[in-house]
Amino acid sequence: MIYLDLLLGFLKVGFFAFGGAYAAVPLIRDVVLDYGWINEDMLSYIIAVAESTPGPIMVNLATYVGSTQAGALGSFIATTAVVLPSFVITILIMVLLKKLMENPVAKAVLGGLKPCIIGIILSVGVEMLLSNLGIRAKEAIAFDLTAAAIAAGLAVVYYGSRKLFKKGLSPIGLIAVSAVVGIVIYGI
Amino acid sequence: MRELFELFITFAKIGAFTFGGGYAMISIIAQICVETKQWITHDEMMNITVIAESTPGPIAINCATYVGYKQKGVAGAAAATIGVVLPSFIIILLISQFLDRFLEIGWVASAFKGIKIAVAVLIIDAALKMIKKMPKDALTWCIMGCACAAMLAATFLSVKLSSIVLMLIAAAVSLTAFLLRQMAGKEGGK
């Protein structure tokens, strides 16, 4: 039954998808192609849509696949299934966490994990910025001056507004501004 | 009830505006939950990030569940998690049912080009804020720098490097340093 397949398939994705959406893409591909829900081309298209719409990419993927396979109910089941494992695991960890955090060995491990994750986050941001400016791996460098100007402009507006005004521009505000700037510069 | 509703609405707002995956989400959740609403401390935000990275599933779900649970128990966790998922659920459902060629719509593509740049700026900003509040010892700096350099190098050399492997190495290094310090401390005490 398709509903049961969607439930089991996306529970599997939610439970084994470590390290963010991109690390999970191979796993998602396996599951989705295994069940024969969509083909490789459709998967690439759905990933692109998931990236260009708000929300976690994995959740978007589950909703999209569920919806194309079994309508609104299918998308509801797939989305719930992909969310459920991390929901339950996070609550379990929080219940156990308080005692664990006091442990000096756990503290030492966390002391290594935190800077490592900060480094990874920084690298992701730098990589995304460079890729937007036309600097990508395995490609000839085609420096995109327009994108560089937009990036500089957004940074000035973002930090400038926070320096000048008490509240300044929020991250959500910056995203809204950037969408308008994109439409104005790149056209309809 | 009002608090549950506030959790739901706040996370629905976060869900509706975070493009570009988990790391962009962290920057927005930190801004709203730590600075504006003060539901969690900066330290807790860092812990959530660690938990989110080392457990399966989307980071946004881990964050929403953590903050919601802390505020209002299981009901709060459910309210926040449903809130963060609902906007994208509705948007994708509509797109998948009615828009075959969503990405070929001109203004969508243009808006997204702008948004992608903003997301990169926000992620770098989030990382810089975390660096500012990081303990300022040599080992911490070194782990941060090495992790960042390794990830960038892997990308540009097209080598596969899982962030989980890096995290395991970092944890092992930090644990070794801790054990060495303890041994040194014991011998010094004798």
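So, how many residues of chain A are in contact with chain B, and how many of chain B with chain A? In this model, which is a predicted one, 81 residues of chain A touch 91 residues of chain B. That interface is what I'd like to start with, and then we'll go through the chains.

On the chain A side, the helices that each put in at least two residues are H1 (2-16), H2, H3 (40-52), H4 (57-102), H5, H6 and H7 (171-186). Which of them gives the largest share? That's H5(A), with 23 residues. As for the chemistry, this side of chain A splits into 53 nonpolar, 24 polar and four charged residues.

Okay, let's zoom in on one helix pair across the interface. Helix H5 of chain A, residues 104-132, packs against helix H6 of chain B, residues 138-156: their axes come within 7 Å and cross at roughly 35°. The crossing of H5(A) past H6(B) is right-handed. If you want to find the contact on screen, look in H5(A) for residues including Gly112(A), Pro115(A), Cys116(A), Gly119(A) and Ser123(A). Across from them, H6(B) brings residues such as Met144(B), Gly145(B), Cys146(B), Cys148(B) and Met151(B), among others. Counting both helices, the residues of this contact come out as 13 nonpolar, six polar and one charged. Glu127(A) is on the H5(A) side of that list, by the way.

Now, how far do we trust chain A? Its mean pLDDT is 83, and 95% of its residues get to 70 or more. Within chain A, helix H2 (residues 20-34) has the lowest confidence, with a mean of 72, while helix H6 (residues 145-164) has the highest, at 88. So keep H2 of chain A in mind when you look at the interface; H2 is on the list of helices that supply residues to it.

Chain A is also assigned two domains, domain 1 covering 2-102 and domain 2 covering 105-186. Their C-alpha centres are 26 Å apart.

Over to chain B. This one is helical, with seven helices and zero strands, so along the sequence you just read α-α-α-α-α-α-α. Its C-alpha atoms fill a box of roughly 75 × 50 × 25 Å along the principal axes. Of its 190 residues, 49% are buried. And if you take the contacts in chain B with a separation of 6 or more, 57% of them are between residues 24 or more positions apart.

Chain B is split by the assignment as well: domain 1 is 1-133 and domain 2 is 134-190. The C-alpha centres there lie 28 Å apart. What touches what between the two? Five residues of domain 1 of chain B are in contact with four residues of domain 2 of chain B. H3 and H5 (106-132) of chain B each give at least two residues to the domain 1 side, and by class that side has two nonpolar, one polar and two charged residues.

Last thing, two backbone oddities in chain B. Gln38(B) isn't a glycine, yet its phi is positive, near 55°. Gln38(B) sits in the loop between H2 (22-36) and H3 (42-54) of chain B. Is Gln38(B) buried or exposed? Exposed, because only 9 C-beta neighbours fall inside 10 Å. Ser158(B) also has a positive phi, about 55°, without being a glycine. You'll find Ser158(B) in the loop between H6 and H7 (163-189) of chain B, and with 8 C-beta neighbours inside 10 Å, Ser158(B) counts as exposed too.

Notes
Residues numbered from 1 in each chain as written. Chains lettered and ligands numbered in written order. Predicted model: local features only at pLDDT ≥ 70, side-chain atom pairs only at ≥ 80, totals over all residues. pLDDT = per-residue confidence, 0-100. Helix = DSSP H or I, 4+ residues; strand = E, 2+ residues; numbered from the N terminus. Buried ≥ 20, exposed ≤ 12 C-beta atoms within 10 Å, placed from the backbone. Contact = placed C-beta atoms within 7 Å. Domains from an automatic or database assignment. Axes fitted to C-alpha atoms, helices over the stretch in contact; angles between N-to-C directions. Left-handed = near helix turned anticlockwise from the far one by under 90°. Nonpolar A, V, L, I, M, F, W, Y, C, P; charged D, E, K, R; others polar.
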